[in-house]
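Please open the model in the viewer and set the display to cartoon. The tour below proceeds by selection, one region at a time.

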Amino acid sequence: MSETWLILGATSSVARAFAQEAAASGDGVILAGRDRDELERQAADLRIRHGSLAHTLAFDAEDSVRHGKLAEALKGAGCINIFAAFGFMPPQTEAEADPTLALRVISVNFAGMVSALLHLAPLLERQGRGKVVVLGSVAGDRGRLSNYIYGSAKAGLHAFLQGFRARLLRSGVSVTTIKPGFIDTTMTWGVPGMFLVASPRTVARRCLALAREGADEAYAPTFWWLIMAAICAIPERIFKRLKL
Ligand SMILES: NC(=O)c1ccc[n+]([C@@H]2O[C@H](COP(=O)([O-])OP(=O)(O)OC[C@H]3O[C@@H](n4cnc5c(N)ncnc54)[C@H](OP(=O)(O)O)[C@@H]3O)[C@@H](O)[C@H]2O)c1
């Protein structure tokens, strides 16, 4: 049965690939984000390429006052699934030097996601079915010297999603936390020290497959569980001295 995906942060590289995969399999998409012109271009492309139902919606993770209107805007759209892909990762050195920027990292990646999902939760509960897929990060598994501000926002998000999953389970809605490793996207352009970099398409495909399984938490690609298990096993007294 075809479904409709609300994609939050739809201009993200992974979200674009996800929208293509979902539309190719016959699902409708509602592309939500800040750059309305770009979203309209993406929607037109999906309509032409796949003949899919594709609409756009204004969404800013930091504008929590307007998150209350999200559910209203979705009235009449049928049964909604959510793919939440927005994120913000400025260089850590800049966030360390400017705590206001650090707060924006928390605001977008954690507070914005919490706000949007809590506003959408009653709609999901009324539906009594559906899927929520959220992009966390391996960065949330352990606070690293080089990325602990963004990592702490993702760690908070992972914990939030555990409880949110338990809440929505009671209404027949699955909540899937995806923890990607490095992906070749705008976010990581020029970031030094990346390895085993995945394509947005690989990650998007895995997200869609895991959503269909109703999975709880998973790494993307899968092998990151092994890398993160090793990283998490390093004793703190050693870990704090590493330049990771
Ligand atoms: N790339 C990686 O290696 C990697 C690894 C692990 C996890 N992730 C996570 O994967 C997700 C997708 O990231 P990506 O790599 O595809 O990055 P990307 O291409 O840089 O996309 C980031 C997206 O976030 C949106 N965004 C930023 N601030 C926003 C705000 N205030 N309100 C609404 N949207 C906002 C951007 O919208 P605009 O177009 O309006 O700027 C853009 O669509 C993110 O959650 C990221 O944290 C990425």
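At what angle do helix α1 and α2 pack, and how far apart are their axes? To find out, select residues 13–24, which form helix α1, together with residues 36–50, which form α2. In this predicted model, the two helices pack at an angle of about 30°, and their axes are 10 Å apart. Angles under 35 degrees count as roughly parallel, and α1 is therefore roughly parallel to α2. The crossing in which α1 passes α2 is right-handed.

Next, show the side chains where these helices meet. On α1, select Arg-16, Ala-19, Ala-23 and Ala-24; their counterparts on α2 are Gln-42, Leu-46 and His-50. By class, the contact of α1 with α2 comprises 4 nonpolar residues, 2 polar and 1 charged.

Keep α2 selected and add strands β2 (28–33) and β3. Helix α2 lies across both strands and runs at about 165° to β3.

Now display the whole sheet. It is an open sheet of 7 strands with parallel pairing, and the order to trace is β3-β2-β1-β4-β5-β6-β7. At the edges stand β3 (54–58) and β7 (217–220); each has a single partner strand, so one side of each lacks a neighbour in the sheet. On average, neighbouring strands are turned by 20° against each other, direction ignored.

Within the sheet, select residues 80–84 (β4) and 130–135 (β5). These two strands run parallel and are joined by 3 bridges. Ala-84 can be found opposite Val-134 in β5.

From β5, proceed to helix α6, residues 148–169. Helix α6 lies across β5 and β6 (173–180), and its direction is at about 160° to β6.

Add helix α5, residues 99–127. Which way do α5 and α6 run relative to each other? Their axes come within 8 Å and cross at roughly 10°; the helices are therefore roughly parallel to each other. Among the contact residues to display are Phe-110, Met-113 and Leu-117 of α5, and Leu-157, Phe-160 and Phe-164 of α6. The full contact of α5 with α6 divides into 16 nonpolar, 2 polar and 1 charged residues.

Finally, select the ligand and its surroundings. Which residues come nearest to the ligand? Of the 26 residues around it, these are Ser-12, Ala-61, Gly-87, Thr-185 and Met-187. Colouring the shell by class shows 12 nonpolar, 10 polar and 4 charged residues.

Definitions and conventions: Residues numbered from 1 in each chain as written. Predicted model: local features only at pLDDT ≥ 70, side-chain atom pairs only at ≥ 80, totals over all residues. Pairing = 2+ DSSP bridges. Helix = DSSP H or I, 4+ residues; strand = E, 2+ residues; numbered from the N terminus. Axes fitted to C-alpha atoms, helices over the stretch in contact; angles between N-to-C directions. Contact = placed C-beta atoms within 7 Å. Near = placed C-beta within 6 Å. Nonpolar A, V, L, I, M, F, W, Y, C, P; charged D, E, K, R; others polar. Parallel < 35°, antiparallel > 145°, perpendicular 65-115°, else oblique. Left-handed = near helix turned anticlockwise from the far one by under 90°.
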